[in-house]
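Biologist: Got a minute to walk me through this one? I'd like to start with the charged side chains and then go wider.

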Amino acid sequence: MADDTTDAPAAAAPSGLPGLIARVLKLKPVRVFLHYSSVHGPLLASGLTYQAIFAVFAGIWVAFSIAALVIGNDTGLRGQFVQTLSTAVPGLIQDGSGRGAIDPDVLLNVGALSWTGALALVGLLLTALGWLASARDSVRTIFDVGPVSTLFIILKLKDLGLAVGFGAVMILSTLLSAATTALLGPLLGALGFDRDSAGATVVGTVVGALVVLVIDTTVLAGLFRVLSGIPIPFRRLIGGALIGGIGLGLLKTLGGSLIGGGGSNPLLKSFAVIVGLLLFFNFVCQVILLSAAWIAVGMKDEGIAADPVAAEKERLERERVAELERLAAEARRPRGLARLLRRRREKIAGPLPSTADAEKVGAPE
C-alpha cells in the first residue's frame, strides 16, 4: 500500500489568515517590536525618561550660564545658540515664534559663576551620569547581555568623558549650524539664487536637517558602541544609528506640538510643558531603544554574538554537557560500563600488560 504522506509536501506553508499572520511575523520590523516588548523596552524607556527630565533642566541652566560667559553680547551667536537648543528640545526655549516655556534672555543674563550655576552644574553631573548608566544597562538588556563587570570608578570616569563629549557635540552642532547659515547665503547668491526665495529656504532647511542627522547618528553610534561596550559590526551599527537618527529628526519636527500641545487644554495649561516634555523624552528614549533592538535582531539573524566571551563559555559548556551525555549513554549499553572503566583506568595508569608480557616479566633469567 502506498504511503499517502508522500503525496503531500514535506512542509506545506499555511494558507489563508494563518499564512498571512506567519508571513507578517517573519518581517524584521515586526520581530524587532516583538523583541523590544519581550525585554520590557517600554518600561526601560520610561525609566530613562524620568532621569532625562531632571538632566535637561540642569543642563539648560549650565548651558546658558556658560554661554553667557563665552558668547557675551554677540547677538548672532546668541541667536544661533538658542536656535540649536530649540531644535534639540523643541517647544521648551522661546525662539521668537511666541511659543516656548523658557525666556532665553533671562537665563543669558545670569552670571556663569553664580551659586545657582554651580549647583546646577553639580546636579547636571549627577543626573547626566545617572542617565548614561541607565542607558548603558538598558541597551545591554536590549541585546540580552549582562551588566558590565568593569570597576565602578572606571565606569563613572568613562561616563564623565562621554558626558563631556556630548557637550562638545552640542557646541560643535552650534558652530556647524552657524557656519552653514553664514556660508549658505553667499553660496546661493553666487549661484544666482535669491537668498530670500522659497528655493533658498528649502535648501537651507534640507542642509540643516542633514547636519542634525549626521550629529544624531554619530551620538547614537557612540551610545550603542562606546557606552554599552558591545562589539557591534560597523555596518550594523551605522544602519541602526541612522534609523534612530531619522526617528529623532521626525520627533524634533513634531516636538513643538508635543510640548506645547497641552497649552490650549485648561486642565493641563498650568503644567503643559512638563507633560509635553514627558511625552517628548519618552518618545526619544523609545526611538533610541528601538533602534538598538533593530541592531540586536539583525546581529542575531547573522549569528553574531553580542557578548563573544559569554558565547564562547556557553559553547564550551554545551560541549561538556554533550560529552557527559555521550559517556552516560555509552555506559548504559551492554558491557559499556566495563569498557568505560577500562578506558578510564588506562588513561590514568596506562594500558594493562598482556599475558605474554606478564610471563616474560615473571620468568627467571
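**Charged pairs first**

Modeller: Start at Arg-315: with a relative accessibility of 31%, Arg-315 counts as partly exposed. Buried means under 20% relative accessible area, exposed over 50%, and partly exposed in between, using a 1.4 Å probe and protein chains only. Keep in mind that this is a predicted model: local features need pLDDT of at least 70, side-chain atom pairs count only at pLDDT 80 or more, and totals for chains, interfaces and linings use all residues. Residues are numbered from 1 along each chain as its sequence is written, and side-chain values use heavy atoms, with hydrogens and water left out.

Biologist: Which side chain does Arg-315 meet in a salt bridge?

Modeller: Glu-319, at 2.4 Å from N to O. A salt bridge here is a side-chain nitrogen of Lys or Arg within 4 Å of a carboxyl oxygen of Asp or Glu. Glu-319 is partly exposed, with a relative accessible area of 43%.

Biologist: Where do Arg-315 and Glu-319 lie?

Modeller: Both are in helix 11, 4 residues apart, about one turn of the helix. Helices are DSSP runs (H or I, at least four residues), strands are too (E, at least two), and they are numbered from the N terminus.

Biologist: And Arg-318, what does it pair with?

Modeller: Arg-318 forms a salt bridge with Glu-314, and their closest N and O atoms are 3.4 Å apart. These two are 4 residues apart in helix 11, so about one helical turn separates them. Glu-314 is partly exposed, at 49% relative accessible area.

Biologist: Why do such pairs form at all?

Modeller: Side chains of opposite charge can pair when their charged atoms come close.

Biologist: How many salt bridges does the count come to?

Modeller: By this rule, 9. One of them joins the side chains of Arg-235 and Glu-302, at 2.7 Å from N to O. Arg-235 lies in helix 9 (residues 234-260) and Glu-302 in the loop between helix 10 (272-301) and helix 11 (308-332), so the pair ties together parts that are 67 residues apart in sequence.

Biologist: Is Arg-235 buried or exposed?

Modeller: Arg-235 is exposed, with a relative accessible area of 57%. Glu-302 counts as partly exposed, at 39%.

Biologist: Back to Arg-315 and Glu-319 for a second. Where do they lie again, and which residues are joined into one network?

Modeller: Arg-315 and Glu-319 both lie in helix 11. The network is elsewhere in the list: salt bridges that share partners join Arg-235, Arg-236 and Glu-302.

Biologist: Change of topic. How many helices and strands does the protein have?

Modeller: It has 13 helices and 0 strands. Buried residues make up 31% of the 365 residues.

Biologist: What share of the contacts join residues at least 24 apart?

Modeller: 72%, among contacts between residues at least 6 apart in sequence. A contact means heavy atoms within 4.5 Å.

Biologist: What about confidence, on average?

Modeller: The protein averages a pLDDT of 75, and 62% of the residues score at least 70. pLDDT is the predictor's confidence in each residue, from 0 to 100. Among the elements, helix 2 (residues 28-38) has the highest mean, 93, and helix 13 (residues 355-362) the lowest, 48. Over residues 1-10 the pLDDT is below 50, and that stretch has 0 contacts in the model beyond near neighbours in sequence. For residues 358-365 the pLDDT is also below 50, again with 0 contacts beyond near neighbours in sequence.

Biologist: Now the outside. How much accessible surface does the protein have?

Modeller: About 22300 Å², of which 69% belongs to carbon and sulfur atoms. Areas come from the Shrake-Rupley method with a 1.4 Å probe; for residues, only the protein chains shown count as cover.

Biologist: Which residues make the nonpolar patch?

Modeller: Leu-17, Leu-20, Ile-21, Val-24, Leu-25, Leu-27 and Leu-34, over about 630 Å². Patches are made of residues with over 30% relative accessible area and no salt bridge: like charges are joined within 9 Å, nonpolar side chains (Val, Leu, Ile, Met, Phe, Trp, Tyr) within 5 Å. Helix 1 (residues 16-25) gives the largest share, 5 residues. Ile-21 sits in helix 1 and counts as partly exposed, at 42%.

Biologist: Last one, backbone. What is the phi of His-40?

Modeller: Positive, about 60 degrees, although His-40 is not a glycine. His-40 is in the loop between helix 2 and helix 3 (41-70).
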